[in-house]
Amino acid sequence: MEFWQVYQKESLSSPWLIAPQQIENNLQTWPDQSLLFVIEPTQDPELLEMAQKMRSAIKLTERLLAITEVHPNDLANFKNDVFLKKMIFFGSDYPGLLGEIIHWQGHQVMKTYSLMELQNHPELKKETWSHLKQFAGL
């Protein structure tokens with residue numbers, strides 16, 4: 001089975017994920033884009049597509065989970081929305097340890113492998129999938 005199909009299949013049975021009907025019921029109390037994927041800037045459309053597929057795999061829409069490109073050196077200047085609740089950093093140069101939840105600038109954040117690392121080392125995708133499931137269920 002292809003990797004993204006496994007993502008989709010496992011996400012449907014994950015106890016950490018919010019069921020689509022729960023999302024619909026909570027839209028009034030859950031601000032738009034309260035979750036964020038932070039990726040390193042890229043010109044590679046395949047890497048952006050990978051991030052979008054990950055968002056789909058954890059059953060969150062563009063409306064609830066935004067994807068933004070911020071270089072790790074620019075984090076000090078990164079202005080985030082006050083409604084933002086959780087972020088996942090894709091890349092080893094971001095703060096924290098892989099898979100660890102930390103508090104950064106008043107938000108819960110987690111770090112996982114960069115999209116480039118995932119593209120070059122597919123064996124890391126399984127661990128990243130566990131990070132994504134944990135992130136979605138914080």
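Which strands does helix H5 (residues 125-136) lie across? The legends below take up this question after the sheet itself.

**View 1. Five strands make an open sheet in this predicted model.** The model is predicted, so that local features need pLDDT of at least 70 and side-chain atom pairs count only at pLDDT 80 or more, whereas totals for chains, interfaces and linings use all residues. Residues are numbered from 1 along each chain as its sequence is written, and side-chain values use heavy atoms, with hydrogens and water left out. The strand order is S2-S1-S3-S5-S4, with mixed pairing; two strands pair if DSSP finds at least two bridges between them, and the numbering from the N terminus covers DSSP runs, namely strands (E, at least two residues) and helices (H or I, at least four residues). Strand S2 (65-69) and strand S4 (101-104) stand at the edges with a single partner strand each, so one side of each has no neighbour in the sheet.

**View 2. Strand S5 (residues 107-112) is joined to strand S3 (residues 86-90) and to S4.** S3 and S5 run parallel and are joined by five bridges, and here Lys86 has Gln108 of S5 as its bridge partner, while Ile88 stands opposite Met110 in S5. S4 and S5 run antiparallel and are joined by four bridges, with Met110 of S5 as the bridge partner of Ile101. In the hairpin of S4 and S5, two residues lie between the strands, and Gln105 takes a positive phi near 50°. Five of the six residues of S5 are buried (under 20% relative accessible area, with exposed over 50% and partly exposed in between, for a 1.4 Å probe and protein chains only), so S5 is largely enclosed by the rest of the structure.

**View 3. Helix H5 lies across S1, S2, S3, S4 and S5.** The helix runs at about 165° to S3, where axes are lines fitted to C-alpha atoms, for helices over the stretch in contact (heavy atoms within 4.5 Å), and angles run from 0 to 180 degrees between N-to-C directions. The expected span of a helix is 1.5 Å times one less than its number of residues, so the twelve residues of H5 should span 16 Å, which agrees with the 16 Å between its end C-alpha atoms. Among the buried residues of H5 are Trp129, Leu132 and Phe135.

**View 4. Strand S4 has a covered face and an uncovered one.** Ile102 and Trp104 belong to the covered face, whereas Ile101 and His103 belong to the uncovered face.
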